[in-house]
Amino acid sequence: MTTSAKYSNHGHYIKEGWSREPKESFKAAWNIISSSIDKDVAKVLDVGCATGEFVGFLSKCMPEAHFVGVDVTEDLLEEGRRLLPQAEFVNASALALPSELKDFDIVCAIGCMSIFDETQIEAFWDNLLGAVRPGGLILVLSPLNEFGVDAMIRHRKRPNGAAGDWESGWNIFSQDTIREILQARGIDLVLERFELPIDLPPSADPIRTWTMATEKRERQLTNGLKLLVDHYFMVCKVKD
Ligand SMILES: C[S@@+](CC[C@H](N)C(=O)[O-])C[C@H]1O[C@@H](n2cnc3c(N)ncnc32)[C@H](O)[C@@H]1O
């Protein structure tokens, strides 16, 4: 198993900076967190944090807590340190978190589970479980498949007409596989579908998602891989 799945579609996090308004997914994540926590939160870990935009959002919701963001891309972490000096940014893989990162009340991973494949997905969850305290909360947002199908997807773009490198980032596990992985670790998985409440237009980068109306849905997420993308929050309350 490699601990550095190839994912390089992150330039826009620095180029575009943080959104002026919090992302809808961040607000939905906070709704879940605020209704799940029952005591003061001291430590929060965000895995795959990019430039720390979610950490910045959550630190306004929980000003007393200490925040740590983890990512494998140093440029993103440097930008995070500049934008949010009160938080800690650590260069580490979700598949090999340093042992000091432990006893967190809340561990989040927003939009990074789909980077990992079938040889890595158990290590991903084991690392999150190793970082959360007993009684704590893990919250993961990722596309999932409702038909009992695990799809491991590689893609490459053709910037300027020439084939680029093969990349990951759109692996879509079945709900059943994730439930099985967690059940084997004594964790009950609760799923909450995340539906974008606003239209999202296509951007110049075909890998990024946009919304389109379908027969069944007003706003179906899709992208240039021609996927139908359905995001779910995976909510895991760890036993005391
Ligand atoms: C789609 S972005 C999500 C960023 C952020 N969580 C958000 O929602 O805005 C995925 C992030 O995962 C990071 N990443 C890629 N491989 C990783 C790994 N092995 N461990 C931790 N983070 C990783 C990328 O650098 C990127 O910042």
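Two helix–helix contacts and one pocket are described here for a predicted model.

The contact between helix α2 and helix α3 is considered to begin with. Helix α2 spans residues 24-36 and helix α3 spans residues 53-61. The axes of these two helices lie 11 Å apart and form an angle of about 45 degrees. At that angle, α2 is oblique to α3, since angles under 35 degrees count as roughly parallel and those from 65 to 115 degrees as roughly perpendicular. The crossing of α2 and α3 is right-handed. On the α2 side, the contact is formed by Phe26, Lys27, Ala29, Trp30 and Ile33. These residues meet Glu53, Phe54, Phe57, Leu58 and Cys61 of α3. By class, the residues of this contact comprise 8 nonpolar and 2 charged, with no polar residues. The charged residues are Lys27 in α2 and Glu53 in α3.

A further helix pair is formed by α5, residues 121-131, and α6, residues 175-183. The axes of α5 and α6 come within 11 Å and cross at roughly 50 degrees, and the two helices are therefore oblique to each other. The crossing of α5 with α6 is right-handed. Helix α5 contributes Ile121, Glu122, Trp125 and Leu129 to the contact, and helix α6 contributes Ile178, Ile181 and Leu182. The contact of α5 with α6 contains 6 nonpolar residues and 1 charged residue, and no polar ones. The charged residue is Glu122 of α5.

The second largest pocket encloses about 270 Å³ of space. Its lining consists of 16 residues, of which Glu146, Phe147, Leu228, Val229 and Asp230 are the closest to the pocket centre. Strands β5 (132-145) and β10 (228-229) each supply at least two residues of this lining. Strand β5 gives the most, with 3 residues. Leu228 and Val229, among the residues closest to the centre, fall within the range of β10. Sorted by class, the lining of the second largest pocket has 9 nonpolar, 3 polar and 4 charged residues. Glu146 and Asp230, also among the residues closest to the centre, belong to the charged class.

Terms used:
Residues numbered from 1 in each chain as written. Predicted model: local features only at pLDDT ≥ 70, side-chain atom pairs only at ≥ 80, totals over all residues. Heavy atoms only, no water. Axes fitted to C-alpha atoms, helices over the stretch in contact; angles between N-to-C directions. Helix = DSSP H or I, 4+ residues; strand = E, 2+ residues; numbered from the N terminus. Parallel < 35°, antiparallel > 145°, perpendicular 65-115°, else oblique. Left-handed = near helix turned anticlockwise from the far one by under 90°. Contact = heavy atoms within 4.5 Å. 1 Å grid on protein atoms, 1.4 Å probe; cavity = no way out; pocket = protein on both sides within 12 Å on 5 of 7 lines; lining within 4 Å. Points joined across faces, edges and corners; volume = space filled by probe spheres on them.
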